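Okay, thanks everyone, I'll keep this short. Have the structure open on your own screens if you can, and follow along as I talk.

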Amino acid sequence: MISVPILSVRDLTVSLRSEEGGRNIVSDVSLDLAPREIVGIIGASGSGKSVLSRALVNWIDPPLEIASGSVTYKNENIFTLPPRRMRALRKEIAYVGANPQGALDPTLPVGRQIVEKIQALVPELSRADAERRVIELLAAVRIPSPASRFHEYPSQFSGGMMQRALIVDALATNPAFLVADNVTQPLDVTIAAQVMRLMRELTERFDTAVVFVSSSLPILNDSADQILVLAEGRIVERQVPERLVHSPQHPYTTQLISEIPQIWTDTAPVVPKIPRQGTPLISIKNAFRTYHVRKRGTFASYSEVRAVRDVSFDVFPGENFGIVGESGCGKSTLMRLLSRLEMPDSGSVICGGQNISRLWRADLLKFRKDFQLVLQDPFNSLPPRTPIGEIIGGPLRVHGVRSADQRRKQVLAVMEEVGLASSLFDELPLGLSAGQRQRVNVARALVLDPKVLIMDETLSALDQTEQFKLLKLFSDLQTKHGLTYIFISHDMAMVRRVCNRIAVMYLGEVVEIADNTKLFFDPGHPYTKALLSAIPTLETRRYDPEECLLDGEPPSPIDLPPGCGFASRCPKAFGRCRVETPLLMPDGPDGEAACFLVPSYPPQPVTAAAA
Amino acid sequence: MALLSFLARRISQGVVIIFLVTLLIFTLLRVVPGDPVRLMAGGMAPEALIEEIAKEMGLRDPILVQFGRYMTGVVQGDFGQSFTRPASGASTGGTGFGDSSRGDRADVLTLIGDTLPMTLQLAALAVIFALIITFLIGTPAGLAPNRWPDRLAFYVSSIFVSLPNFWLGIVLALLFSVKLGWLPAIGYKGFAYTILPAIVLAIELSPVLIRNLSGSLSAVMQSPFISFGRVRGLGRRRIVYGHALRNASVPLLNLLGIQISGLLGGVLVVEFIFDYPGLGLLTINAVLQRDFPLIQGIAIITSAIFVLINIVVDLIASTIDPRLEY
C-alpha cells in the first residue's frame with residue numbers, strides 16, 4: 001500500500017541540556033505515520049517514550065531541546081514553524097497524556113474548557129454549535145448524562161471519566177493525528193480496558209491516525225498496526241504485533257516479552273496452597289468503617305461514606321495474603337484498620353490473640369513492632385532532608401534502642417539484606433531511584449524484625465524489572481525471617497505471582513476469597529471474572545472481555561443501592577440481586593464467594609420472595 | 001439553599017465573634033488607667049463631684065452589670081451617647097464641663113454614621129489603587145520568575161514596605177498639594193480629597209499583595225494545565241488571563257480579606273495626617289478622651305465590617321474556585 005504519510009519523523013534527537021553538557025534522551029528516531037494507521041511505541045520507564053511523544057506534537061520545553069532532526073507534517077517541519085502558525089496547526093495535531101486530573105483548569109467547568117479550545121482553533125464555529133458538538137462527543141465516549149456533566153468541574157470527574165473527557169478534547173477539532181502517551185497508566189484495569197476499546201472505535205470513526213505510546217505490550221498488541229520498540233531513546237525494532245511477540249529480533253524486545261507476567265500458561269508461577277493451621281495471625285471479624293462527610297452546601301447534614309462493610313477473614317502465619325480491588329473499593333481503609341491507624345466502627349481486628357482496638361501505650365508499641373507497613377508512594381514516603389541511615393534507624397529509636405552504635409549496626413545489617421550499599425548510610429534519599437526508595441521503605445519496616453509486613457501498593461510505582469527484583473527479595477526475606485505478607489494491590493498479575501490466598505473487594509465488601517489457583521482458573525464471582533478479563537496479557541484469555549467486561553463505573557459508596565453492590569454493573573444480575581445482599585458462601589473447597597450464582601448458595605427464602 | 005445555609009452559619013459565627021470583641025474591648029477599657037469622668041469634668045473638679053457623676057453614669061457598677069446594661073441597649077439598636085461630644089458640634093473635651101451640655105450629647109450611631117461612609121470611600125479607593133499596582137507589577141513578575149520583572153517587583157515591594165505611612169503622607173502632601181498643586185490634601189471638601197490618603201494606604205497594602213500574586217502566579221504557571229493549554233492550541237493571552245490569573249487570584253483574595261482588616265491601623269494614622277473626617281480620626285479622638293461608648297460602638301461596627309468582608313471574600317473565592325467549600 002502506497003500512501004503519503006501524514007507525519008514523518010526523520011533522525012529526531014532530543015537532548016537534555018545540563019551544566020555538564022547535553023545528554024540525548026531520544027536519539028535518531030525516524031518513523032512514518034500513514035493515514036488511519038495506529039503505530040504503537042513501547043518502552044520501559046526511562047526509555048524516552050514520553051519525551052518522544054511530546055516531541056511529536058512540538059512540546060519540548062527547556063532544559064530539553066531538539067538537537068537535530070525533523071517532524072514533518074503537511075510538508076513542513078513543525079519545529080521551525082513560527083508560534084502563530086504552530087498554534088493554528090494544533091487543530092490537526094492532538095495529544096492525550098497520562099495525567100488526566102491535571103490537564104484542565106480546576107476552576108472552570110470541563111465542557112466550557114473544551115468549547116474554549118474549539119473556539120480558539122475553529123473560530124468560524126458558533127458557540128452554540130461548539131457546545132452541541134462537545135455534548136455529542138461526551139455522549140460518544142459514554143459519559144453518563146453528558147449535558148449536565150458538561151457543566152461540572154474537573155474535580156467532580158473520576159480519573160477514568162476525565163481521561164474520556166480529554167479524549168473528547170483531543171478529538172473535538174477532528175485532528176489528523178493523535179498522540180496518546182500512556183493514557184491507560186493511571187486507570188484501573190477495567191476502566192483502562194474500556195478506554196482502550198473506546199479509543200479504537202473513535203479513531204476509526206473519525207479517521208484519525210494514532211501514535212500510541214505505552215509501557216505495556218499487551219495493550220499495544222491488541223490495537224496497533226505496527227509496533228516500535230524504544231530502548232534508551234533509540235528504536236531497536238519495528239514489527240507488526242504478531243511477529244514482534246512470536247519472533248522478536250532484538251534482545252531488549254525478548255527481555256520485555258519475558259517480563260510480561262504469565263497468568264494462565266503452563267509456565268506461569270504456581271503459588272502453593274499453604275496449610276492453614278493453628279491460630280490465625282490476623283483475624284478481622286465483621287469490621288465496618290463509615291466516614292462522615294459534610295454534605296456540600298448544607299448546614300449540618302452529613303453523608304455516610306461506607307468504606308468498609310462487614311469484612312471478615314483470617315490470615316495465617318507464613319501466608320502471602322492478597323487484597324485486590326479497584327480504586328475506591330475500600331482496600332486502603334482496610335489497610336488502615338489492619339495497621340490500627342484507624343479503628344473499626346464495629347467489629348474487631350484481632351492480631352496475635354489481642355483485639356488491637358484495646359491496645360494502648362506499651363502494648364500498642366509492641367504491636368506496631370510486629371506489624372509493619374510499607375507504603376505506595378516511593379517519593380512522598382521518605383523525608384527528603386534526612387539521611388537514609390537515620391530514616392531506617394528511626395523506628396529503632398522509637399522502640400527504645402538508645403545506643404547509636406547499636407542502631408548503626410542493625411541498620412547496616414538490614415540495608416545489606418535489602419540490597420542497599422552501605423555507602424548510602426549518610427546520603428540523602430534525593431538521588432535514589434523508585435526501586436531503591438522502596439528498598440529503603442522495606443528496610444525501615446524490616447529493621448524492627450516484624451512478623452507481618454503490610455504492603456499497600458508497594459510495587460505499583462515500579463516497572464516490571466524492578467518488581468521482579470523486589471518480589472525475589474520479599475520471598476528471600478520470607479524464607480529467612482518467617483514473615484507473613486499482606487499485599488494490597490490493584491495489580492492482578494502481581495498478586496497471581498506471589499499470593500497464596502486472595503480477597504477481592506468491591507464497594508467496601510469482600511466479594512470473593514479464594515486460593516490463588518482457584519481464583520484465577522475458576523472464580524466464583526462475576527466481578528472477579530471482569531477483573532481477570534481486563535488483565536493486560538498476551539495470552540489467550542480465559543475470560544472474554546466482550547462477555548465479562550463492565551460498562552460504567554462503580555456506584556458511589558455514599559448512595560449504596562440495596563441488594564448486591566455489584567448488581568448495577570453485573571452482566572448476570574437478576575431480580576434477587578437487587579433486593580438481597582449476598583453473603584460469602586463456600587464455593588468448592590478452596591474459596592468463598594458472595595454471589596447468588598454460587599452453587600452452594602441457599603435458594604431465596606419463600607417469605608422474602610412473597611414479599 | 002447552599003448559599004443560605006452558608007450565610008446562616010457564617011453570620012451566626014460572626015455574631016459570636018462580634019460579641020467576644022465587644023466584651024474584650026468593654027473590659028479592657030474599664031481595667032486600663034484613665035478615668036473618663038476626670039477628663040469630662042476637668043482637672044480642677046473636686047473628687048466628690050467626680051464620684052457622684054461616675055455613680056450617676058453607672059461607671060462604678062461591676063463590669064458585668066455595666067456590660068449587660070450596654071448590650072441590652074445594643075441589641076435594641078441603642079449604642080448609647082458619647083461622653084464628650086454634644087449633638088450639635090465638635091468635641092467639648094474636658095475643660096468646659098457643665099450640666100447644660102450633658103443633656104444633648106451626640107448619639108454614638110450618628111457619629112459613626114457620619115464618618116463611616118467617608119472611611120469606606122477611602123478604603124475602597126485604597127483597595128482599588130492597591131489592586132491596580134499589584135496587578136501591574138505582580139503579573140509580569142509572576143510570568144517571569146527570577147528575571148528582571150520579578151526583581152523589579154521585589155525592589156518595588158521592598159521600598160513600599162519600608163516607607164513609613166506618616167512620612168509618605170507628609171511627603172506626598174508636600175509634593176502634590178504644596179509644590180505642584182495637583183491634589184488637595186487637608187480636610188475634606190470633595191472626592192479629590194480622598195485620592196492622596198488612598199494612595200498612601202495603597203502603597204502600604206500593596207507589597208504583600210504583589211509578593212503573593214507573583215508567587216502564586218508563578219506557581220500556577222508551573223501547573224500541567226498551563227503548559228498543556230498550549231498543546232491544546234490556546235493562545236498565550238488566553239492562558240495567562242483566562243486561566244493562570246484566575247487561579248492565582250484565589251490566594252490573593254483571601255490575603256486581601258486579612259489585609260483589609262489590617263487597613264484600620266493605616267486608616268488611623270493616614271486620616272490623622274490628612275485630617276480626613278473618617279472613622280479613624282473619630283477613633284483617635286474617642287480614645288484620647290476616654291469616650292467609652294464611642295470606642296465600643298466603633299469596635300462593634302468595625303468587627304462587623306470585618307466579618308462581612310470575610311464572608312464576601314469567601315463567597316467570591318468559592319465562585320472562582322468551586323473546589324472551595326463554603
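I'll go through a sheet in chain A, then a cavity, then one tyrosine, and finish with chain B.

One thing up front: this is a predicted model, so please hear everything I say with that in mind.

Right, the sheet. In chain A, eight strands make up an open sheet, and the order across it is 16-17-18-13-19-20-22-21. The pairing is mixed. As a reminder, strands in a sheet pair through backbone hydrogen bonds, and that can be parallel or antiparallel. So who sits at the edges? In chain A those are strand 16, residues 371-374, and strand 21, residues 585-586, each pairing on one side only.

Let's zoom in on one pair. Strand 17 of chain A, residues 452-456, runs parallel to strand 18 of chain A, residues 484-489, with five bridges joining the two. If you want one spot to click on, take Val452(A): its bridge partner in strand 18 of chain A is Thr484(A).

Now, what packs on this sheet? One is helix 16 of chain A, residues 464-481, touching strand 13 (320-324), strand 17 and strand 18 of chain A. For the geometry people, the direction of helix 16 makes about 155° with that of strand 18 of chain A. Helix 12 of chain A, residues 361-370, packs on the sheet too, where it touches strands 16 and 17 of chain A. Its angle to strand 16 of chain A is about 55°.

Next, cavities. With a cut-off of 30 Å³ or more, the count is seven. I'll pick the second largest, with about 90 Å³ of space. There are 14 residues lining that cavity, and the closest to its centre are Pro526(A), Cys564(A), Cys570(A), Cys577(A) and Cys595(A). By class, the lining has 12 nonpolar residues, one polar and one charged.

On to the tyrosine. Tyr252(A) is in helix 10 of chain A, residues 251-258. Which residues does Tyr252(A) contact, if we skip its neighbours within four places in sequence? They are Gly43(A), Ala44(A), Val229(A), Leu230(A), Ala231(A) and Val236(A). Also, Tyr252(A) and Ser45(A) are 207 residues apart in sequence, and their C-alphas are 14 Å apart in space.

Last up, chain B. We've got 13 helices and two strands there, and the C-alpha trace spans about 85 × 55 × 30 Å along its principal axes. Of the 326 residues in chain B, 47% are buried. And if you take contacts in chain B with a separation of 6 or more, 75% of them are between residues 24 or more positions apart.

That's me done, happy to chat.

Methods: Residues numbered from 1 in each chain as written. Chains lettered and ligands numbered in written order. Predicted model: local features only at pLDDT ≥ 70, side-chain atom pairs only at ≥ 80, totals over all residues. Heavy atoms only, no water. 1 Å grid on protein atoms, 1.4 Å probe; cavity = no way out; pocket = protein on both sides within 12 Å on 5 of 7 lines; lining within 4 Å. Points joined across faces, edges and corners; volume = space filled by probe spheres on them. Nonpolar A, V, L, I, M, F, W, Y, C, P; charged D, E, K, R; others polar. Pairing = 2+ DSSP bridges. Helix = DSSP H or I, 4+ residues; strand = E, 2+ residues; numbered from the N terminus. Contact = heavy atoms within 4.5 Å. Axes fitted to C-alpha atoms, helices over the stretch in contact; angles between N-to-C directions. Buried < 20%, exposed > 50% of the residue type's maximum accessible area, 1.4 Å probe, protein only.
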